[in-house]
Amino acid sequence: MEKLTVPYVAFKQQVAAIKKELMKAVESVLESGQYVLSEKGKKFEKEFSEYCDAKFSTGVANGTCALHLVLRCLEIGPGDEVITAPNSFIASA
């Protein structure tokens with residue numbers, strides 16, 4: 001029987017179509033030297049809020065920070081049950 005491998009993520013394929021645009025954005029941020037609380041960050045949050053039809057949005061450093069913020073906003077803490085997907089990233093648990 002032939003072994004079938006399913007990739008956990010397909011970043012290479014996802015990035016291929018927009019690589020030039022992503023690199024231009026990354027270079028712009030690196031050249032500005034402003035990594036947090038920048039005008040570009042505020043613009044992104046505003047545009048993302050509009051895209052999601054949400055009143056507010058907040059950019060965070062990574063998915064782990066995002067999960068932490070959501071749990072705090074929902075007042076989930078020690079002793080509360082949180083169910084995650086079994087094929088999710090380790091930080092979800």
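Helices (H or I, at least four residues) and strands (E, at least two) are DSSP runs, numbered from the N terminus. In this predicted model, local features need pLDDT of at least 70 and side-chain atom pairs count only at pLDDT 80 or more, whereas totals for chains, interfaces and linings use all residues. Residues are numbered from 1 along each chain as its sequence is written, and side-chain values use heavy atoms, with hydrogens and water left out.

**View 1. The protein chain as a whole, with its four helices and zero strands.** Read from the N terminus, the elements follow the order α-α-α-α. The radius of gyration, taken over C-alpha atoms, is 18 Å, well over the 12 Å that the globule rule (2.2 Å times the number of residues to the power 0.38) gives for 93 residues, so the protein chain is more spread out than a compact globule. Along the principal axes, the C-alpha atoms fill a box of roughly 50 × 45 × 25 Å. Of the 93 residues, 2% are buried, where buried means under 20% relative accessible area, exposed means over 50%, and partly exposed lies in between (1.4 Å probe, protein chains only). The accessible surface comes to about 9,200 Å², with 61% of it belonging to carbon and sulfur atoms; these areas come from the Shrake-Rupley method with a 1.4 Å probe, and for residues only the protein chains shown count as cover. The side chains include 11 positive and 12 negative ones, and the centres of these two sets lie 8 Å apart. Lys and Arg count as positive and Asp and Glu as negative, while His and the chain ends are not counted; the place of each charge is NZ of Lys, CZ of Arg, CG of Asp or CD of Glu.

**View 2. Helix H2 and the loop that leads on to H3.** The 14 residues of H2 should span 20 Å at 1.5 Å a residue, and the end C-alpha atoms of H2 are indeed 20 Å apart, which agrees; the expected span is 1.5 Å times one less than the number of residues in the helix. Gly 33 follows H2 and has a positive phi, near 75°. Leu 37 lies in the loop between helix H2 (19-32) and H3, and its phi is near 55°, a positive value in a residue other than glycine. Leu 37 is also exposed, with a relative accessible area of 80%.

**View 3. Helix H3, with Lys 46 and Ser 49.** For the 14 residues of H3 (residues 39-52), the span expected at 1.5 Å a residue is 20 Å, and the distance between the end C-alpha atoms, 20 Å, agrees with this. Ser 49, placed in H3, is buried, with a relative accessible area of 7%. When residues up to four places away in sequence are not counted, Ser 49 touches Ala 54, Lys 55, Phe 56 and Ser 57, contact here meaning heavy atoms within 4.5 Å. Lys 46 belongs to helix H3 as well, but it is exposed, with a relative accessible area of 53%. From C-alpha to C-alpha, Lys 46 and Thr 58 are 8.9 Å apart in space, although 12 residues separate them in sequence.

**View 4. The loop between H3 and H4, with Asp 53 and Phe 56.** Asp 53 comes just after H3 and lies in the loop between H3 and helix H4 (63-73). Although Asp 53 is not a glycine, its phi is positive, about 55°, and the residue is exposed, with a relative accessible area of 73%. Phe 56 is placed in the loop between H3 and H4 and is exposed, with a relative accessible area of 65%. Phe 56 and Gly 79 are 23 residues apart in sequence, and their C-alpha atoms are 29 Å apart in space.

**View 5. Ile 83, in the segment after H4.** Ile 83 is exposed, with a relative accessible area of 73%. Its C-alpha atom is separated by 24 Å from that of Cys 52, and these two residues are 31 residues apart along the chain.
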